[in-house]
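Visitor: I would like a close look at a single part of this molecule, namely the surroundings of one bound ligand. Please take me through them with care, and then place them in the rest of the chain.

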Amino acid sequence: MKRFTYLFSLTLTVFALAAVVIIGCEGPAGATGAAGADGKDGIDGVDANATCTQCHSQDTDILAKSLEADGSGHMLGGHFRYGDRTDCSICHTHEGFLDIMASGAMEASKEYEDATPPNCRTCHNVHKDYDKATDFDIRFIDPVTLWDNDVVVDLGPDNNICVSCHQPRAMEPAAPAVGGADVVFTDDSWGPHHGPQSAIVWGTAAYETVGDESYPIGGSTSHANSAGCTGCHMVEPGRGDQAGGHTLSMTYESRGTAREFTASCENCHGGDADFDYMNIQTDVTALWDSLDVILHAKNILVDGDINASTEAPLTLTADEAGAVLNLLYIDEDASFGVHNPRYVKALLKNSIQAMSN
Ligand code: HEC
Ligand code: HEC
Ligand code: HEC
Ligand code: HEC
Ligand code: HEC
Ligand code: HEC
C-alpha cells in the first residue's frame with residue numbers, strides 16, 4: 001500500500017511537472033541536431049580579371065580610339081548644346097538620338113540637360129554586357145528609311161548608324177515632285193539642313209530634273225555599296241588624331257595648310273588618286289558655280305538666299321525650286337561630288353539645261 005501511494009504520488013508529481021513544463025516556461029535547449037544540407041551556391045560576383053580588364057588594362061586600344069574620337073567633328077563641333085531643343089537634340093546629342101531610336105518619333109520626348117555629343121556609347125554598346133566580344137558591336141545596324149522621302153537606305157551594318165543622323169531634315173515647304181506643283185516661298189532660307197550626305201551617297205532625295213544625263217539607280221554605285229561611309233572616313237591606319245580611323249575626318253592640317261587624307265581613294269583607285277580624281281571636284285565646282293550664276297541672274301537667289309519674305313512671297317515652278325534644292329544639296333553635302341560622282345554631275349547638268357531653256 002505504501003508502495004502504491006508512493007508510486008501514485010510520484011506519478012502525480014511527474015504529471016504536475018509535465019504540466020508545468022507544457023503550460024509554463026520552456027526547458028533548457030536540447031543538444032544541437034545534425035547539420036542541414038548545404039544551400040544552393042550564390043551567383044558569382046563580377047570578376048575584374050574576366051570583365052573590366054578585358055578593356056581597362058595596359059592595352060592602349062581604347063586610349064587610341066578615344067584620342068581619335070576626341071579629334072572628330074562630333075566632339076569638336078560643339079553643336080551638342082542643342083540638347084534643350086527637342087527637334088535638334090535627336091541628331092546633335094547622344095541622349096536625344098537614343099530617345100528617338102527607342103520611340104521611332106522625329107522629336108525627343110524631353111529636353112536634355114547635360115547632353116553629350118555623339119560618342120563611344122552612341123555607336124557601341126559600351127558597358128552593356130562587359131564583354132569585349134560584343135560591347136563594341138555597332139548599336140544600330142538596320143537600314144534606315146529616310147524622313148524626307150521614305151526611301152530605304154542600306155549602306156551596310158557599319159554605316160547605317162551614320163545614315164540615321166546624316167540625312168536630310170524634313171523641309172517646309174516640302175521638296176517639289178519632279179514636274180509637280182509650283183512652290184511658294186515666304187522665307188529666304190530653305191533646304192535639307194547641313195548633313196544630307198547619306199541621301200547623296202545613296203543617290204536619292206535631290207530633284208532629279210529630266211535632261212540629257214541619266215541618274216545612277218539608288219545604292220548602285222561602288223561608293224555606296226563598297227565604301228559606305230566608313231570605307232573613306234574611317235580608313236585604317238588613320239593619321240593619329242587628325243584623319244581617318246575614329247576621327248572620321250577626310251582632311252588634316254599640316255604646317256598651317258589643309259591637306260587631303262587620300263589613303264581611302266588610293267586603296268581603290270591607285271597610288272596617286274586624290275579628292276580631285278578624274279577632275280571630279282573641279283568639274284562639280286564649275287557646274288555648281290554656273291547654276292548659281294543662272295539662279296542669281298533669274299533673281300531667284302539674292303546673295304545666296306531665296307528672294308522671298310513674308311511681305312514678298314516668291315512662287316517658283318517645280319523645276320526652278322528643284323534647281324535651288326540641288327544647289328543647296330550639293331553645297332551642304334560638302335564633298336564636291338566625291339560622295340556620288342555620277343549622280344551629282346547629272347543633277348547639276350540637267351538643272352543647268354532646264355534653267356537655260
Ligand atoms: C568592352 C570593353 C569594356 C569593358 C569590359 C569595361 N569597360 Fe569601362 N569603359 C569602356 C569604354 C569604351 C569606356 C569609355 C571611354 C570614353 O568614353 O572615352 C569606359 C569607361 C569607363 C569608366 C570611365 C567613366 C565612364 O563611365 O565613362 C569607368 C570608371 C569604367 N569604364 C569602369 C569599368 C569597370 C569597373 C568595368 C568592369 C566592371 C568596365 N569598365 C568594363 C570599355 C569597357
Ligand atoms: C547621333 C547622330 C550622328 C551619328 C550616329 C553620326 N553623326 Fe556624324 N555628325 C553628327 C552631327 C550632329 C555632326 C555635327 C557636329 C557639330 O557640329 O557639333 C556630325 C559631324 C560629322 C563629321 C564632321 C563634319 C565637319 O564638318 O567637320 C563627319 C565627318 C561625320 N559626322 C561623319 C560621320 C560618320 C562617318 C558616321 C558613322 C560612322 C557618323 N558621322 C555618325 C551626327 C551624327
Ligand atoms: C537629321 C539630323 C539633324 C537634325 C534633326 C538637326 N541637325 Fe543640325 N546637323 C546635322 C548634321 C549631320 C550636321 C553636320 C553636317 C556637316 O558638318 O557636314 C549638322 C550641323 C549643324 C550646324 C553646323 C553647321 C555648320 O556649317 O557648321 C548647325 C548650326 C546645326 N546643325 C543646327 C541645327 C539646329 C538648330 C537644329 C534643330 C532646329 C538641327 N541642327 C537639327 C544633323 C541634324
Ligand atoms: C560615329 C560612330 C562611332 C563612334 C562615336 C565610336 N565608334 Fe568605335 N567604331 C565605329 C565603327 C563603325 C567601327 C567599325 C570600323 C570598321 O569599319 O572597321 C568601330 C570600331 C571600333 C573598335 C574595334 C572593334 C572591333 O570589333 O575590332 C573599337 C575598340 C572601338 N570602335 C572603340 C570605340 C571607342 C572607345 C569609342 C569612343 C572613344 C568609339 N569607338 C566611338 C563607330 C564608332
Ligand atoms: C568615296 C569616299 C567617301 C564616302 C563613301 C563618303 N565620304 Fe564623306 N567625304 C568624302 C570626302 C573626300 C569629303 C571631303 C571633301 C573635301 O573636303 O574636299 C567628304 C565630306 C564629308 C562631310 C563634310 C565634312 C568634312 O569632313 O569635310 C561629311 C559630314 C561626310 N563626308 C559624311 C559622310 C557620310 C555620313 C557618308 C556615308 C553616308 C560619307 N561621308 C561617305 C569622302 C567620302
Ligand atoms: C571601296 C573602293 C573605293 C573607294 C574607297 C573610293 N572609290 Fe571611287 N570609285 C570606286 C569604283 C569601283 C568606282 C567606279 C564604279 C562606280 O562608279 O560604281 C569609283 C568611281 C569614282 C569616281 C567616278 C569616276 C568616273 O567614272 O567618273 C570618282 C571621281 C571617284 N571614284 C573618286 C574617289 C575618291 C576621290 C575617293 C577617295 C576620297 C574614292 N573614290 C574612294 C571605288 C572606290
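Guide: What follows looks at the surroundings of ligand 4 and then widens to the domains, to ligand 5 and to one helix.

The model is a predicted one, and in it 15 residues surround ligand 4, the closest being Cys120, Cys123, His124, Asp158 and His246. Three of these closest residues also make polar contacts through their side chains: a polar side-chain atom of His124 lies 2.8 Å from a nitrogen atom of ligand 4, and a polar side-chain atom of His246 likewise lies 2.8 Å from a nitrogen atom of the ligand, whereas for Asp158 the partner is an oxygen atom of ligand 4, at 2.9 Å. Sorted by class, the shell around ligand 4 holds 6 nonpolar, 6 polar and 3 charged residues. Two helices, α3 (61-70) and α7 (120-123), each supply at least two residues of this shell, and the largest share, 4 residues, comes from α3.

The wider setting of ligand 4 follows from the division of the chain into domain 1 (58-135) and domain 2 (169-356). The contact between these domains takes 11 residues from domain 1 and 8 residues from domain 2, while their C-alpha centres lie 26 Å apart. Because both domain 1 and domain 2 give residues to the shell around ligand 4, this ligand lies between them.

Ligand 5 can be set beside this description. Its surroundings comprise 19 residues, of which Gly228, Cys229, Cys232, His233 and His339 are the closest. A nitrogen atom of ligand 5 is 2.8 Å from an N or O atom in the side chain of His233, a nitrogen atom of the ligand is also 2.8 Å from an N or O atom in the side chain of His339, and a polar side-chain atom of Gln281 lies 3.1 Å from an oxygen atom of ligand 5. Two or more residues of the shell around ligand 5 come from each of α10, α11 (222-227) and α12 (230-233), with the largest share, 3 residues, provided by α10. By class, this shell has 9 nonpolar, 10 polar and no charged residues.

Helix α10 (197-202) also appears in the packing of α16, whose buried residues pack against α10, α14 (280-297) and α15 (318-333). The helix α16 itself covers residues 341-356 and reaches 23 Å from its first C-alpha to its last, close to the 22 Å expected for its 16 residues. Among the buried residues of α16 are Tyr343, Val344, Leu347, Leu348, Ile352 and Met355, together with Asn350 and Ser351.

Definitions and conventions: Residues are numbered from 1 along each chain as its sequence is written. Chains are lettered from A and ligands numbered from 1 in the order in which they are written. This is a predicted model: local features need pLDDT of at least 70, side-chain atom pairs count only at pLDDT 80 or more; totals for chains, interfaces and linings use all residues. Side-chain values use heavy atoms; hydrogens and water are left out. A residue is near a molecule or strand if one of its heavy atoms lies within 4 Å of it. A polar contact is a pair of N or O atoms within 3.5 Å; within protein, one must be able to donate a hydrogen and the other to accept it, and residues adjacent in sequence count only if both atoms are side-chain atoms. Ala, Val, Leu, Ile, Met, Phe, Trp, Tyr, Cys and Pro count as nonpolar, Asp, Glu, Lys and Arg as charged, and the others, Gly among them, as polar. Domain bounds come from an automatic or database domain assignment. The expected span of a helix is 1.5 Å times one less than its number of residues. Buried means under 20% relative accessible area, exposed over 50%, partly exposed in between (1.4 Å probe, protein chains only). Contact means heavy atoms within 4.5 Å.
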